[in-house]
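Hi everyone, thanks for making time. I'd like to walk you through one model today, so have it open on your screen and follow along.

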Amino acid sequence: MSRSGPRGGLAGNRDYLRLWGAQGISAFGSHITLVALPLVAILTLEASPFEVAALTALELLPFLLLGIPAGVWVDRLRRRPVLVLTDFARAASLLSIPLAYGLGALTLPHLYAVALVNGALTVFFTLAYQAYLPTLVERADLVRANARFEATETVARLAGPASGGGLVGLLSAPVAILADAVSFVVSGALILRIRDRERPAERAARPARSRGAFRSELREGARFALRDDYVRPILATTAVLNVGFGMVWAVLLVYAVRDLGLGAGVLGLTLSAGEVGGLLGAVAVGRVTTSIGPGPVVVAAPLLFGPAFLAIAIAPSSMPFPSLVIGWAVVSFASVVFNATTVGVRQSRVPLRLQGRVVGVSRTIVWGVTPLGALLGGALGSAVGMRETIVAGAAVALAAVVPAALSPLRSLRSLPDAAAPDLARF
């Protein structure tokens, strides 16, 4: 079966559609938990701002600790079984929260453990699905395929927080997490139905499983990611953006609940309303990258984050809804456009045999710094206040444009060709 499916393009590619559907369903559940899990800490366990920030940091910490070695393992393994196993394992981990709550045994360390375990499983899932996608679709379809992933992620962010807030209000925050556990089960079942098992030639091109080669394989992936003229500036720009975003997200829910006085339902509705910007970004990204090129898009999109965070920081307590929605809408728009474009550029540029390792190095860097930003945001929030912390996050986000603007990305008018094989070799 060809990558483009029997009728050609993404619409006729059933394996891609199953992967897309699985990602959309699990993303919806995950965005319920994105609101519900911190609210478990805030409302059920009365956690402090720093304790809530630590919860966010622990969920992302595995990208810093596991991202690079996980990339080697993903390149050695078939990606589809990795996706299925991590989906089912995440469902079991999340299920422990409502069970512990029902038994009266839920504690903050339990939440930390679930955040850490799910974060580790998400490392493997993310690396595997991004490495798997280029085997299911043609190179010319990569940006559109990633844009559809971003679109469903946006729809999930649109519906998930509102649903999460509503479920928290109706059932309690721990019970609301059940919805995410169910979504992972459905996602894993859909991925099981993917018929493309990764062609023998593609598996044979992967590194041998010798123990002594592991360190060399790590260096090969890291060398490509850190030396390529297109991948390296994308990593730098994304990393700085994520530090700023981590600072803001670490205090955002506490700021909304305690400083602005929003209830769980209104908070979820506010975040969901802002995701309209993400839908617009998913619709616009294909046309924008075609008209001005993916490189200028990568340079321009980060410029939107700073002003958006400032709009959130100046939200008046008497009527916070407009400022919060506008600010979050701009963040969502910029995130979708930036992510779909940068992932497409990277997938197009990286040789197939290195996809897992380069994604691992990339995620280690760009997600690994996010918990550092979250801890910094939590510390600043406790020391100087929530609004001031969000302003500081906006300043960091504005600085993110520098690496991209000083790189060859600024003149990249179409997706780059895959790099020559010897670029990644010693």
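**Rings first, then the inside**

Let's begin with the aromatics: searching the whole structure turns up 10 aromatic pairs. Phe 245 and Trp 328 make one of them, a tilted pair with 6.2 Å between centres and 35 degrees between the planes. That pair links distant parts of the chain, since Phe 245 sits in helix α10 and Trp 328 in helix α15, 83 residues apart. So are these two rings buried or exposed? Phe 245 is partly exposed, because its relative accessibility is 26% and the cut-off for buried is under 20%. Trp 328, at 8%, counts as buried.

Another tilted pair is Phe 305 with Phe 309, at 6.3 Å centre to centre and 50 degrees between the planes. Here both partners belong to helix α14, residues 305-313, and they are 4 residues apart, about one turn of the helix. Phe 305 is buried at 6% relative accessibility, and Phe 309 is buried at 0%. There's also a ring cluster, where ring pairs connect Tyr 16, Trp 20, Phe 125, Tyr 129 and Phe 149.

Okay, stepping back for a second. Keep in mind that this is a predicted model. The chain has 18 helices and 0 strands, and 58% of its 426 residues count as buried. What about contacts along the chain? Taking those between residues at least 6 apart in sequence, 88% join residues at least 24 apart.

Now the cores. In soluble globular proteins, nonpolar side chains tend to be buried together. In this model, the largest nonpolar core holds 71 residues, and the ones touching the most other members are Leu 111, Tyr 255, Leu 271, Phe 309, Ile 312 and Ile 390. Helix α10, residues 231-259, provides the largest share of that core, with 12 residues. You'll recognise Phe 309 in that list from the tilted pair with Phe 305. And then there's a second, separate core of 27 residues, which includes Leu 10, Tyr 129, Leu 136 and Phe 149. Tyr 129 and Phe 149 are also in the ring cluster I mentioned.

Let me zoom in on Ile 312. Which residues does Ile 312 contact, leaving aside its neighbours within four places in sequence? They are Leu 252, Tyr 255, Ser 323, Leu 324, Gly 327, Trp 328 and Ile 390. So Trp 328 comes back here as a contact of Ile 312, on top of its pairing with Phe 245.

On to the empty spaces. There are 4 cavities of 30 Å³ or more in the structure. The second largest cavity has about 50 Å³ of space. Its lining is made by Leu 252, Ala 256, Leu 267, Thr 270, Leu 271, Ile 312, Leu 324 and Trp 328. Two or more of these residues come from each of α10, α11 (264-274) and α15 (321-349), and α11 gives the most, with 3. How does the lining of the second largest cavity divide into nonpolar, polar and charged? We get 7 nonpolar, 1 polar and no charged.

The largest pocket is another story to look at. About 210 Å³ of space lies in it. Lining the largest pocket are Arg 139, Ala 140, Val 143, Arg 144, Gly 286, Thr 289, Thr 290, Pro 294, Arg 413, Ser 414 and Leu 415. α5 (142-171) and α12 (276-292) each supply at least two of those residues, and the largest share, 3 residues, comes from α12. By type, the pocket lining has 4 nonpolar, 4 polar and 3 charged residues.

Last stop: two loop residues. Glu 46 lies in the loop between α1 (14-44) and α2. Most residues other than glycine have a negative phi. Glu 46, though, has a positive phi of about 55 degrees, and it is not a glycine. Glu 46 counts as exposed, because its relative accessibility is 67% and the exposed cut-off is over 50%.

The other one is Leu 77, in the loop between α2 (49-76) and α3 (79-102). Leu 77 is partly exposed, with a relative accessible area of 35%. Leu 77 and Ala 128 are 51 residues apart in sequence, yet their C-alpha atoms are 9.1 Å apart in space.

Methods: Residues numbered from 1 in each chain as written. Predicted model: local features only at pLDDT ≥ 70, side-chain atom pairs only at ≥ 80, totals over all residues. Heavy atoms only, no water. Buried < 20%, exposed > 50% of the residue type's maximum accessible area, 1.4 Å probe, protein only. 1 Å grid on protein atoms, 1.4 Å probe; cavity = no way out; pocket = protein on both sides within 12 Å on 5 of 7 lines; lining within 4 Å. Points joined across faces, edges and corners; volume = space filled by probe spheres on them. Nonpolar A, V, L, I, M, F, W, Y, C, P; charged D, E, K, R; others polar. Core = buried A, V, L, I, M, F, W, Y, C linked by side-chain atoms within 4.5 Å. Contact = heavy atoms within 4.5 Å. Phe/Tyr/Trp six-rings, centres within 6.5 Å; stacked < 30°, edge-to-face > 60°.
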